Amino acid sequence: MSLGIPVWRAMDALPHPTKSQLEAEIVIVGGGPIGLALAIDLSKQGHKVVVLQKHSFIAAGSKAICYSKSSLDILDRLGVGQQLVARGICWDVGKVFWGAQREPIYQFDMLPVKNQKMPGFVNLQQYLVEELLVERALETGKVEIRWGHEVVGAKPRGQGVELDVRTGTGLYSQCANWVVACDGSKSTIRSLLGLDFEGRAFEDNFLIVDIRMEADRPSERWFWFDPPFNPGRTALLHKQPENVWRLDFQLGWEIDRAAAVKPENVDPMIRGMLGQDVNYEPVWYSIYTFQCRRMANFVHGPVIFAGDAAHLVSPFGARGCNGGFSDVANLAWKLDLVVRGAAPVSLLETYNEEATFAADENILHSTRATDFITPKGEPATVLRNAALSLAKDHTFAQRFVNSGRLSTPAHYRSSRLNTPDRDDWDGCGVPPGAPAIDAPLADGWLLELLQGKLVFLTNGSQATAPAGVQVIDIAVLPRSEAVKDRYALEPGAGTLLRPDQYVAARWKQPVPEDVQDATNRIRTNQASSGDRR
Amino acid sequence: MTLGLEPNLSDPDGIYGKLVELQIQHRPEDWPLVSSRLLLILINHIGDDDVLLAAFEWAGALNGD
């Protein structure tokens, strides 16, 4: 039953599982983009995964549309990057407008370092991303998606969890050693476990207008402060594939929500933004409000939370779905090591630490953007207008203007998986805790070579890497200049990269013990006793 | 750097006079915008978080504490 949820693609509801299917190592609750991506990542490490999806369809409607560079790097590693780029709208440039001025007060570039495989951003309707992920998940042969299976109960069982699952034909009990809840902002698992979800709700309504039109407009993000067609408020325009455009209008708090989505009330705003003579066809209109919340802890014994189930942000900055993909990349390799017994369970605590840190960063950015977009009171509005009025002529003031700081990956500065720098890098290269940056290498790209393993990336270092660590030596690879520059890898230098494409350690002249210690630090999530620092 | 609260201007009367002039040139309802622009320009020029946060604190202490 769709219960009023628009259906993009109906899937066959699966019958009750057979007895042998009732015991699983890993069950993912929720078959949205985060659950599916996690299932694929775990399957790449060799795990069989069950995905419980309460609906028997992929939902349509207006949800996430903007996928960040970092998410694209993750999704490319999962095998859907090329298709996503091919189907989506690539963009790097955002423009900010103010008042009736026809020229932007400034513009920004989301891909300041060029020459990387993936673009700065791709816009694509969430259901198309889900469709790609479903196909990819099924291709792996290791992911079983149970459409139309809804979790209605959860209790501890041994070291694991027993889930009560309802299907169209009745109830069954599913056991799992690990449950990852990727079941969205209204997470059933979170409710069943009675867990907290603290934060702040914002008193504002936004109207999302998806329309279809033929238009020769650039693939850019356009944002307006106080435009004539929505005075005193804001508006946003994004291009999506298949001639679908997303218009987003701030409406304020005290409004008649039912009236606001009526086509006759939306039409003047559309024409105000795009021109009186615009030809369009409505696709989907909806109103949203938002909250910034997160769970205090994402790991509760054998139950782990990821994506919107664990943290919610305002949409400004595209930090919702992208924040979820960052959870996926962070969690998958850690859960893999723990399930295989190659790392202690405590490694999952570093997922909690790093993912809550990233969530706090996302919440901070999106809260600040929201406060800039919706100033609280007259003095705050004056201050904002001061920044806007200076921005056209002064770069410094553009830095104050906040139409949403678009999602960039968190820098886990103080993660205990990092080996602190021993050498002075003078601000060059990529420090421990920072995401690996892509660069051309040989006949492809660096990130294409980082496929979910620990990697020792070096420029001819004599240091050997411990078992299970892949070595990439740019000294023997053609087209390696950009890697050398971006990582500041002078001859002999090396850097240890995590399976989720983060830098863990780096040295100007490493010896084998350095690489061994940094690897141990990751696998045991603590510094070795003879820490050589 | 720490916030300087000792006298630092060679001609305080002169610069204060210029500030009053700037104010008189504008309608009272525009003054909040002008002074906010001034604030942002100076904040950027100072560019030191510790100095700025100390200044915010002094500026906000309306009861002198």
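The legends below describe close-up views of a predicted model with chains A and B.

Residues are numbered from 1 along each chain as its sequence is written, and chains are lettered from A and ligands from 1 in the order in which they are written. In this predicted model, local features need pLDDT of at least 70, side-chain atom pairs count only at pLDDT 80 or more, and totals for chains, interfaces and linings use all residues, while side-chain values use heavy atoms, with hydrogens and water left out.

**View 1. Chain B, an α-α-α chain.** Chain B has 3 helices and 0 strands; helices (H or I, at least four residues) and strands (E, at least two) are DSSP runs, numbered from the N terminus. The radius of gyration of chain B is 14 Å, well over the 11 Å that the globule rule gives for 65 residues, so the chain is more spread out than a compact globule. This radius is taken over C-alpha atoms, and the globule rule is 2.2 Å times the number of residues to the power 0.38. The C-alpha trace of chain B spans about 35 × 30 × 25 Å along its principal axes. Of its 65 residues, 14% count as buried, where buried means under 20% relative accessible area, exposed over 50%, and partly exposed in between (1.4 Å probe, protein chains only). The accessible surface of chain B is about 5,500 Å², and 59% of this belongs to carbon and sulfur atoms. Accessible areas come from the Shrake-Rupley method with a 1.4 Å probe; for residues, only the protein chains shown count as cover.

**View 2. The contact between chain B and chain A.** Each chain is represented by 9 residues, contact meaning heavy atoms within 4.5 Å. Between them the two chains bury about 810 Å², with 82% of it on carbon and sulfur atoms; buried area is the accessible area (1.4 Å probe) that two parts lose on being put together, summed over both. L33(B), R37(B) and L40(B) supply 57% of the area that chain B buries against chain A, more than any other three residues.

**View 3. An open sheet of 4 strands in chain A.** The strand order is β27-β26-β28-β29 (chain A), with mixed pairing; two strands pair if DSSP finds at least two bridges between them. Strands β27 (469–473) and β29 (503–507) of chain A stand at the edges with a single partner strand each, so one side of each is left without a neighbour in the sheet. From one strand to the next the twist averages 20 degrees. β26 (residues 454–458) of chain A pairs with β27(A) in the parallel sense over 5 bridges, and F456(A) has V471(A) as its bridge partner in β27(A). Helix α14 (residues 512–524) of chain A lies across β26, β27, β28 (494–497) and β29 of chain A, at about 165 degrees to β29(A). Axes are lines fitted to C-alpha atoms, for helices over the stretch in contact, and angles run from 0 to 180 degrees between N-to-C directions.

**View 4. Strand β18 (residues 244–252) of chain A and its partners.** Of the 9 residues of β18(A), 9 are buried. In a regular strand the side chains alternate between the two faces of the sheet. V244(A), R246(A), D248(A), Q250(A) and G252(A) point one way from β18(A), and W245(A), L247(A), F249(A) and L251(A) point the other way. Strand β15 (residues 205–212) of chain A runs antiparallel to β18(A) and is joined to it by 8 bridges. β17(A) is also antiparallel to β18(A), with 6 bridges. D248(A) is the bridge partner of I208(A) and of L236(A). β17(A) and β18(A) form a hairpin with 3 residues between them, and E242(A) in the turn has a positive phi of about 60 degrees.

**View 5. The surroundings of V122(A) in strand β9 (residues 121–123) of chain A.** V122(A) counts as buried, at 0% relative accessibility. Leaving aside neighbours within four places in sequence, its contacts include I65(A), C66(A), Y67(A), L72(A) and W91(A).

**View 6. Two loop residues of chain A with positive phi.** N115(A), in the loop between β8 (106–109) and β9 of chain A, has a phi of about 60 degrees although it is not a glycine. N115(A) is partly exposed, with a relative accessible area of 45%. D226(A), in the loop between β16 (221–225) and β17 (234–240) of chain A, has a phi of about 50 degrees and is likewise not a glycine. D226(A) counts as partly exposed at 30% relative accessibility.
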